[in-house]
Amino acid sequence: QVQLVESGGGVVQAGGSLRLSCAASGRTFDNYMLGWFRQPPGKNREFVASINWSDGSTSYADSVKGRFSFSSDNAENMVYLQMNSLKSEDTAVYYCAVRRVPGRVYSYWGQGTQVTVSS
């Protein structure tokens with residue numbers, strides 16, 4: 001059974017940095033996409049970024065381009081989201097999720113980790 005566990009959230013001042021981690025287990029992820037999503041207070045969940053585990057290709061929401069970046073440890077099925085130059089509007093619960101490639105639906109989700117950026 002696929003399990004995703006996020007960690008690394010916390011409280012940081014505007015302009016600071018955090019690194020989120022997503023630990024994936026339960027299968028091999030050679031043909032999977034891992035995505036990060038976030039849900040700000042009182043708003044809908046939105047896409048943040050994704051990485052194709054097979055070829056390493058990445059995609060970022062316009063709102064985080066140039067500030068957020070991926071790294072990964074494929075041997076350990078760990079994916080990291082480095083978040084720099086954080087803004088108050090980045091405050092949200094952050095979730096990692098996986099889907100098959102090709103595919104459209106993210107089938108497995110983590111429990112989320114809270115990121116709070118204070119201004």
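R38, E46, R67 and D90 are linked in a network of salt bridges. That is a good place to start looking around this structure, which is a predicted model. In total, the structure holds four salt bridges, and three of them are set out here.

| Pair | Closest N to O distance |
|---|---|
| E46 and R38 | 2.6 Å |
| R38 and D90 | 2.9 Å |
| K65 and D62 | 3.2 Å |

Let's begin with R38, which turns up in two rows of the table: R38 pairs with E46, and R38 also pairs with D90. Where do R38 and D90 sit along the chain? R38 belongs to strand 4, residues 32-39, while D90 is found in the loop that runs between strand 8 (78-83) and strand 9 (92-100). The two are 52 residues apart in sequence, so their salt bridge ties together parts of the chain separated by that stretch.

Now for how open these side chains are. Is R38 buried or exposed? R38 counts as buried, because its relative accessibility is 3% and the cut-off for buried is under 20%. D90 is buried too, with a relative accessible area of 0%. E46, the other partner of R38, counts as partly exposed at 31% relative accessibility.

Then there is the pair K65 and D62, whose side chains meet in a salt bridge. K65 is exposed, at 51% relative accessible area, and D62 is exposed as well, at 65%. So the R38 and D90 bridge joins two buried residues, whereas the K65 and D62 bridge joins two exposed ones.

Note on methods:
Residues numbered from 1 in each chain as written. Predicted model: local features only at pLDDT ≥ 70, side-chain atom pairs only at ≥ 80, totals over all residues. Heavy atoms only, no water. Buried < 20%, exposed > 50% of the residue type's maximum accessible area, 1.4 Å probe, protein only. Helix = DSSP H or I, 4+ residues; strand = E, 2+ residues; numbered from the N terminus.
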